[in-house]
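User: I have a model open and want to walk through it by question and answer. Please keep each reply short and finish on the thing I asked for.

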Amino acid sequence: MVVLMRVLFATSEVVPYSKTGGLADVAGALPRALAAQGHELLVVSPWYRSLRAEPAPLWIGDVDAPFAGGFEPVGVGTLEADGVRYAFVGHRDFQREDLYGYSDDVRRFSRFTRAVPQVAARLGFLPDLVHANDWHTGYLPLVLAHGWHLPAGFPGLPSIFTVHNVQYQGTSGLEEALWWLRLPGAFAQEYMNHFGSANAMQAALGYTWAVTTVSPTYAAEIQRPEYGYGLDGTFRHVRDKLVGILNGLDTEAWNPGGDTYLPRPYDADDPGGKTEAKRALTQRLELDGSTPVLGVVSRLADQKGIDLLEAAGDRLVRQGWSVALLGSGDALLERALRDLAARHPGRVGAVIGFDEALAHLIYAGSDALAVPSRFEPCGLSQMIAMRYGTVPIARDTGGLHDTVEHQQTGYLFEHANPEGLLWATGLAMEAYGSDRWAAMMRRAMRRDFSWERSAQRYAELYEGVVASAR
Ligand code: ADP
């Protein structure tokens, strides 16, 4: 029997209103999938200057939130979509050009964290459970457990915490964090203290009832020093309440059968449209369309291993690939990719920037997609590629390990260096064009990455936590 639950979901970004990465995709899709199963969801997020809401949220006034030794007002906006209620927290701290990247980010999100319960209470929403996400809301489990300056019903509420990326932890001075959050000094000796600094993510790990991360393999990896970014010891300490739940994919937004960015839609039974997409892609990037095409759609950051791909670039061309690159981020990598393209006219095309339409064309029009990540909590691009019949060639880590099956739906390589990547692209090149390759494409396209199953896992976890809290 399904127990229906009221869940307060706190997140620093949420699709379609704000986005810098995968967290926003999860915060957009998971509450909708849970609401579709009958649960009641309130998603609370900051009201950024760049908020994309048409019409704008309905402004319902101010609430006073505990902050920095007193109480300070924040604004509350609200809207409803797809059965989910959203509340946006307004304050001039969030009226900036970007979502993050400021020296006072921990202060800004401490304010947000303290506002979340007040805003929910203002809307008359008393949850059974609070779901916090990443460091931005990492102090929420501590604040709930501690109980001071909370609206009625909130002290002692159970929480779960999801780790989307361990690399970002929200560190600051201990004194300041205590002051912003209005916590007594004794807490400085507890989980928020990470070798003398305040650490929002570690605080969450200590005080929450259950910790999830976005793939089972990443859940195991972050307990090791190579992946734990200094928190591996804490993850080992809490491993009994740590579980990996794979993210789903928005299978409506990513559907080759109804993709308006493509010259012609296609599916596993009628893959002809994929050939047309390849023609359109190779024309657009002026690539040789007679060779297999290796696509890349990625943030250009150290995590993503694009430097390995760049170092392997000349040899990839010699192996017989044409390469279609789309990405933005690190300026040095942007230049290196442009240089690579300039060295190989007709064989390497690089577009620097964020381009939704071209991303769709690369997923559809490439034969294989390279994902050489050093670490990957879950990763969406390999799932998108598979759905589009494009064979992922990915590093054997995190969510890539859990979603790509070596030689069945793609290729996995272990060593994070150019030789590792070239080994896997070599295997793919040998299989390309064979019946085995065609079978792999079909198998990949038929994999089920929809959100329903993951949402069900979260619902079961909520139920378990709420039951044990009672
Ligand atoms: P992460 O969240 O770590 O960046 P994911 O693989 O989980 O990685 O998600 C990345 C998402 O962003 C995918 O939907 C991908 O298509 C998209 N994306 C990344 N870079 C670009 C770009 N330059 N242009 C368009 N879309 C991009």
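User: Where does Ala-68 lie?
Analyst: Elements here are DSSP runs numbered from the N terminus: helices are H or I runs of at least four residues, strands E runs of at least two. Placed on that scheme, Ala-68 falls in the loop between β3 and β4 (70–81).

User: How is the model filtered, and what pLDDT do side-chain atom pairs need?
Analyst: Numbering starts from 1 along each chain as its sequence is written, and side-chain values use heavy atoms, with hydrogens and water left out. The model is predicted: totals for chains, interfaces and linings use all residues, local features need pLDDT of at least 70, and side-chain atom pairs count only at pLDDT 80 or more.

User: What is the phi of Ala-68?
Analyst: Most residues other than glycine have a negative phi. Ala-68 is not a glycine, yet its phi is positive, at about 45 degrees.

User: Is Tyr-229 buried, partly exposed or exposed?
Analyst: Tyr-229 also has a positive phi of about 45 degrees and is not a glycine. Its place is the loop between α7 (225–228) and α8 (232–237). With a 1.4 Å probe and protein chains only, buried means under 20% relative accessible area, exposed means over 50%, and partly exposed is in between. Tyr-229 has 35% relative accessibility, so it counts as partly exposed.

User: Which residue does a cis peptide bond join to Pro-55?
Analyst: Most peptide bonds are trans. Pro-55 is found in the loop between β2 and β3. The cis bond there has an omega of about 0 degrees, and the partner of Pro-55 is Glu-54.

User: What is the omega of the bond from Val-15 to Pro-16?
Analyst: Pro-16 lies in the loop between β1 (6–10) and α1 (22–36). The peptide bond from Val-15 to Pro-16 is cis, with omega near 5 degrees.

User: How many residues surround the ligand, and which are the closest?
Analyst: A residue is near a molecule if one of its heavy atoms lies within 4 Å of it; the rule is the same for a strand. The ligand has 18 residues around it. The closest are Arg-299, Lys-304, Gly-353, Tyr-363 and Leu-380.

User: How do the residues of that shell divide?
Analyst: Ala, Val, Leu, Ile, Met, Phe, Trp, Tyr, Cys and Pro count as nonpolar, Asp, Glu, Lys and Arg as charged, and the others, Gly among them, as polar. By that rule the shell has eight nonpolar, seven polar and three charged.

User: What is the distance from a polar side-chain atom of Tyr-363 to an oxygen atom of the ligand?
Analyst: A polar contact is a pair of N or O atoms within 3.5 Å; within protein, one must be able to donate a hydrogen and the other to accept it, and residues adjacent in sequence count only if both atoms are side-chain atoms. A polar backbone atom of Asp-355 is 3.0 Å from a ligand nitrogen. Ser-381 puts a backbone N or O atom 3.3 Å from a ligand oxygen. For the side chain of Tyr-363, the distance to a ligand oxygen is 2.6 Å.

User: What percentage of the ligand's area does the protein bury?
Analyst: Accessible areas come from the Shrake-Rupley method with a 1.4 Å probe; for residues, only the protein chains shown count as cover. Taken alone, the ligand exposes 570 Å². The share buried by the protein is 90%.

User: Which element gives the largest share of the shell around the ligand?
Analyst: Elements that give two or more residues to the shell are β13 (293–300), β14 (322–329), α12 (356–365) and α13 (381–387). The largest share is three residues, and these come from β13.

User: How far apart in sequence are the parts tied together by Tyr-48 and Phe-94?
Analyst: The structure holds 19 aromatic pairs, meaning rings of Phe, Tyr and Trp (its six-membered ring) with centres within 6.5 Å; planes under 30 degrees apart are stacked, over 60 edge-to-face, the rest tilted. Tyr-48 and Phe-94 have ring centres 6.0 Å apart and planes at 85 degrees, so the pair is edge-to-face. Tyr-48 sits in the loop between β2 (40–46) and β3 (58–67) and Phe-94 in the loop between β5 (84–90) and α2 (105–122), so the parts they tie together are separated in sequence by 46 residues.

User: Which residues form one aromatic cluster?
Analyst: Tyr-48 and Phe-94 are both buried. The cluster they belong to consists of Tyr-48, Phe-94, Tyr-100, Phe-109, Phe-112 and Trp-135.
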